[in-house]
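Here is a protein model to look at, along with one student's request for a closer look at one residue and whatever surrounds the topic.

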Amino acid sequence: MVPEISIIVPVYRVEKYLDRCVNSILNQTFTDFELILVDDGSPDRCPVMCDEWEKKDHRIKVIHKGNGGASSARNAGLDVACGKFIGFVDSDDWIEKDMYELLHTIIMKHNADIAMCDFTSRPQKLELGMGIEGVIELDKNRMQELFYRIHGESSRYSVWNCLYNAQIIKDVRFIKGLINEDVMFTYEAYIRADKLVFSEQKKYLYFKNSDGVTRSRLCTKDVSLLKIWDEIVRQEKGKTCEKYAKHNRMRATFTLYAKALIYGCNADFDRTILKEWKTELKKNREYLLKEDYLDIKRKMFLILILIVR
């Protein structure tokens, strides 16, 4: 039997959180799914835990592979997924028990290609109950507005609070070796989709791991965000969204520069690039301040950055 949904979970060094994540998926009110646990060469007990889970529930499929990062693990899951729809969950997060029932209901009801719910980092904010009346439909144009955040919207690049029609992403994969990989995957999915439906219900719990505080510092891998936007600008050259792509590339520089100022940089980060970024921000200040790409707080922060020598 072909499962209705394939849920892909990359697993790496999360033995403290894996059971919580898997339990939240197995306890879903929507039961017609396969759960693909991809052990990405985890050096802790995760490989054994995955095998133990596979023995407990026939819906679980386990893949063991060498460490290649989250993108590689998700791709491995996509390669074997059989479901009509695809979902992703990160292994240190968890989901409300009716998340996939909601996403499946609205994607079918509205004949959409992608369904999305809201998320939170505070467990008390998770919402139980379908709430299908407050669903927002986005056509192709509004999906572009959402992706490029042309009205200053919050970023919606995460894949773990979404359900995708498997047909539209059958030839889409995550870029290996880069962080911020969700941005490019979302870009490719939106190109292929005709309609997205969004529910404001908070069904996904994004867990802020206190063990990873040092990850807040700017590191060399963070610069991949600029590479991703450079590629999007290249693909949009001569097309309707070229201007939006270029403006988001400008905003990406501001995002990284602001992160360096607020959280600092890792010891191995080449700080000379910060001067280049500041020069770039001065050059593009008119665009960043004139449009709605930054909210008022970020615009004020940008002005402060530019007046300080």
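Reader: What does Lys 84 count as, going by its relative accessibility? Please start there and then walk me through the other contacts.

Author: Sure! One heads-up: this is a predicted model, where local features need pLDDT of at least 70, side-chain atom pairs count only at pLDDT 80 or more, and totals for chains, interfaces and linings use all residues. Residues are numbered from 1 along each chain as its sequence is written, and side-chain values use heavy atoms, leaving out hydrogens and water.

Now, Lys 84: its relative accessibility is 47%, so it counts as partly exposed. The cut-offs are under 20% relative accessible area for buried, over 50% for exposed, and partly exposed in between, with a 1.4 Å probe and protein chains only.

Lys 84 has a partner, too. It makes a salt bridge with Glu 4, and the closest N and O atoms are 3.5 Å apart. (A salt bridge here is a side-chain nitrogen of Lys or Arg within 4 Å of a carboxyl oxygen of Asp or Glu.) Lys 84 is in the loop between helix H3 (70-80) and strand E4 (85-88), while Glu 4 is in the segment before E1, so this pair ties together parts 80 residues apart in sequence. Those labels are DSSP runs numbered from the N terminus: helices are H or I with at least four residues, strands are E with at least two. Glu 4 has a relative accessible area of 12%, so it is buried.

The whole structure has 21 salt bridges, so let me pick a couple more. Arg 156 and Asp 118 form one, with closest N and O atoms 3.1 Å apart. That one links distant parts of the chain: Arg 156 is in the loop between H5 and strand E8 (162-165), Asp 118 is in strand E6 (residues 114-120), and they are 38 residues apart. Both Arg 156 and Asp 118 are buried.

Next comes Arg 249 with Asp 230, where the closest N and O atoms are 2.7 Å apart. Arg 249 belongs to helix H8 and Asp 230 to helix H7 (residues 224-236), so parts 19 residues apart in sequence get tied together. Arg 249 counts as buried at 17% relative accessibility, whereas Asp 230 is partly exposed at 39%. There is also a network: salt bridges that share partners join Arg 74, Asp 90, Glu 181 and Asp 182.

Arg 74 turns up again with a ring. Its charged end sits over the ring of Phe 174, 4.9 Å from the centre. To count, NZ of Lys or CZ of Arg must be within 6 Å of the ring centre and within 35 degrees of the ring normal. Lys 56 does it as well, over the ring of Trp 53, 4.6 Å from its centre.

Rings also pair with each other, and a search of the whole structure finds 20 aromatic pairs. One of them is Tyr 148 with Tyr 244, a tilted pair at 6.1 Å centre to centre with 40° between the planes. The rule: rings of Phe, Tyr and Trp (its six-membered ring) pair if their centres lie within 6.5 Å; planes under 30 degrees apart are stacked, over 60 edge-to-face, and the rest tilted. Tyr 148 is in helix H5 (residues 140-148) and Tyr 244 in helix H8 (residues 242-263), 96 residues apart. Tyr 148 is buried at 3% relative accessibility, but Tyr 244 is partly exposed at 25%. Both belong to one aromatic cluster, along with Phe 147, Tyr 157, Tyr 187, Tyr 190 and Trp 229.

Back to the strands, since Glu 4 sits in the segment before E1. Strand E1 (residues 5-11) runs parallel to E2, joined by 7 bridges; strands pair if DSSP finds at least two bridges between them. Ser 6, for instance, has Glu 34 of E2 as its bridge partner. In E2 (residues 33-40), 8 of 8 residues are buried. In a regular strand the side chains alternate between the two faces of the sheet. Here Phe 33, Leu 35, Leu 37 and Asp 39 point one way from E2, and Glu 34, Ile 36, Val 38 and Asp 40 the other way.
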